[in-house]
Amino acid sequence: MTKLTIEPVTPKPVNPDGGVVLHPKGDHLIVMPIPDPEVTPSGLFIPETSQKPLRRARVVGVGPGLVNDKGHLIPMGVEMYEEVLIGGWVGTEVRVDGQVVLIIRIDDVAAIVE
């Protein structure tokens, strides 16, 4: 089984472990969802349909950003390993080596969690 490695954009991907390397392009991010608890502290089951519309995720890949009309690079505004809140149904789910990651746009980030 290969190891999943997600890195920020680099000119030439090199992975000595032989795993898959994902490089987000433009204003895309790669995030790893942080699962919400399925049971309350008192032991009550929380059905998936009643969970919050925003969910937490950890940023594991950051694209370079977009270039504006004047040719200037617009920074992304988030950094690697930050925890963010994203919409419940945003992004494209990708399974790599048994792990689930989402490819989202920077506009899908509602907030940064501190």
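**View 1. Ten strands in a row: β-β-β-β-β-β-β-β-β-β is the pattern along the sequence.** The tally for this predicted model is 10 strands and 0 helices. Of the protein's 114 residues, 28% count as buried. Among contacts with a separation of 6 or more, 60% join residues 24 or more positions apart. The accessible surface comes to about 7800 Å², and carbon and sulfur atoms hold 58% of that.

**View 2. The E8–E9 hairpin, with strands that run antiparallel.** Here we're looking at strand E8 (residues 92-96) and strand E9 (residues 99-105), joined by 5 bridges. Pick out Val94 and you'll find Val101 of E9 standing opposite. What does Asp97 do in this hairpin? Asp97 takes a positive phi, near 55°, and the hairpin has 2 residues between its strands.

**View 3. The largest nonpolar core, a set of 13 residues.** Which residues have the most contacts inside this core? They are Leu29, Val31, Val84, Ile86, Ile104 and Val109. Four strands each put in at least two residues: E3 (28-33), E4 (54-62), E7 (83-87) and E9. E4 gives the most, with 3 residues.

**View 4. Ile104 and its contacts from elsewhere in the chain.** Leave out the neighbours within four places in sequence, and Ile104 still touches quite a list. Leu29, Val31, Ile86 and Val109 are on it, and these also rank among the residues with the most contacts inside the largest core. The rest of the list is Asp27, His28, Val90 and Gly91.

**View 5. Another nonpolar core, apart from the largest one.** This core has 5 residues, among them Leu22, Ile30, Val60 and Val101. Val101 is a familiar face from the hairpin view, where Val94 stands opposite. As a rule, side chains in a regular strand alternate between the two faces of the sheet.

**View 6. Where the predictor is confident, and where it isn't.** Mean pLDDT for the protein is 80, with 74% of residues at 70 or more. Confidence is highest in E3, at a mean of 93, and lowest in strand E1 (residues 5-6), at 60. Over residues 9-16 the pLDDT is below 50, although in the model this stretch has 13 contacts beyond near neighbours in sequence. Low pLDDT means that predicted coordinates should not be read in detail.

How values were computed
Residues are numbered from 1 along each chain as its sequence is written. Side-chain values use heavy atoms; hydrogens and water are left out. Two strands pair if DSSP finds at least two bridges between them. A nonpolar core is a set of buried Ala, Val, Leu, Ile, Met, Phe, Trp, Tyr and Cys residues joined through side-chain atoms within 4.5 Å. Buried means under 20% relative accessible area, exposed over 50%, partly exposed in between (1.4 Å probe, protein chains only). Contact means heavy atoms within 4.5 Å. pLDDT is the predictor's confidence in each residue, from 0 to 100. Accessible areas come from the Shrake-Rupley method with a 1.4 Å probe; for residues, only the protein chains shown count as cover.
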